[in-house]
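User: Hi! I have a structure to go through for class. Could you walk me through it?

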Amino acid sequence: MGTLIIYNNTLSWLPEQANLELCLQKALLPAHQKALVTLNLLTSQEIQALNARYRGKDKPTNVLSFVSPVPEAFREDEHLGDILACAEIIESEANSQGKTLESHWIHMIVHSVLH
């Protein structure tokens, strides 16, 4: 199963890691089932700065994803990439869209991995 390492988790609530990793596994290609993905939780100011730098959009966003350079001989346990997420924006979106927070987090993880 894919491994998700979570950094900067100061949140009082985040979906269970096992649920997030199950969604990660469902989004990964068969050859990458044991890949490592990191989830970095950022403030809206931090993600805005990165969104401006990497996408030329000077505004906060819900998630950014970055793929790691994948060597030709990819090993199953390689670091596949990073997801940078803003919990504040994800929570706001879930509320405004009438979604549960857990379902929106899962959507964001799957969406990010597919990028």
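User: Let's start with Asn51. Which residues does Asn51 touch, not counting residues up to four places away in sequence?

Analyst: Happy to help! Keep in mind that this is a predicted model. Leaving out residues up to four places away in sequence, Asn51 touches Gly56, Lys57, Lys59, Pro60, Thr61 and Leu64.

User: Where does Asn51 lie? And is Asn51 buried or exposed?

Analyst: Asn51 lies in helix H2, which covers residues 44-55. Asn51 has a relative accessible area of 0%, so Asn51 counts as buried, the cut-off being under 20%.

User: OK, and Lys57 was among those contacts. Where is Lys57 found?

Analyst: Lys57 is in the loop between H2 and strand E3 (63-67). Its relative accessibility is 37%, so Lys57 is partly exposed.

User: What does Lys57 touch, not counting residues up to four places away in sequence?

Analyst: With those set aside, Lys57 touches Gln48, Asn51 and Ala52.

User: New topic: the core. How many residues does the largest nonpolar core have?

Analyst: The largest nonpolar core has 19 residues, and those with the most contacts inside it are Leu39, Ala85, Trp105 and Val113. At least two residues each come from helix H1 (17-27), strand E2 (36-42), strand E4 (79-86), helix H3 (87-97) and helix H4 (101-114).

User: Which of them gives the most to this core?

Analyst: That's H4, with 4 residues. Another core, of 6 residues, lies apart from this one, and includes Leu42, Ile47, Leu64 and Leu84.

User: Cool. Now how do H1 and H4 pack, I mean at what angle?

Analyst: H1 and H4 pack at about 35 degrees, and their axes are 9 Å apart. Their crossing is right-handed.

User: Which residues make that contact?

Analyst: From H1 you have Asn19, Leu20, Cys23, Leu24 and Ala27, and from H4 there are Glu102, Ile106, Ile109, Val110, Val113 and Leu114. By class, the contact of H1 with H4 has 9 nonpolar residues, 1 polar and 1 charged.

User: And H3 with H4? At what angle do their axes cross?

Analyst: The axes of H3 and H4 cross at roughly 120 degrees and come within 9 Å. The two helices are therefore oblique to each other, and H3 passes H4 in a right-handed crossing.

User: Who's touching whom there?

Analyst: H3 brings Ala87, Ile90, Glu91, Glu93, Ala94 and Gln97, while H4 brings Leu101, His104, Trp105 and Met108. The contact of H3 with H4 divides into 6 nonpolar, 2 polar and 2 charged residues.

Terms used. Residues numbered from 1 in each chain as written. Predicted model: local features only at pLDDT ≥ 70, side-chain atom pairs only at ≥ 80, totals over all residues. Heavy atoms only, no water. Core = buried A, V, L, I, M, F, W, Y, C linked by side-chain atoms within 4.5 Å. Buried < 20%, exposed > 50% of the residue type's maximum accessible area, 1.4 Å probe, protein only. Axes fitted to C-alpha atoms, helices over the stretch in contact; angles between N-to-C directions. Parallel < 35°, antiparallel > 145°, perpendicular 65-115°, else oblique. Left-handed = near helix turned anticlockwise from the far one by under 90°. Contact = heavy atoms within 4.5 Å. Nonpolar A, V, L, I, M, F, W, Y, C, P; charged D, E, K, R; others polar.
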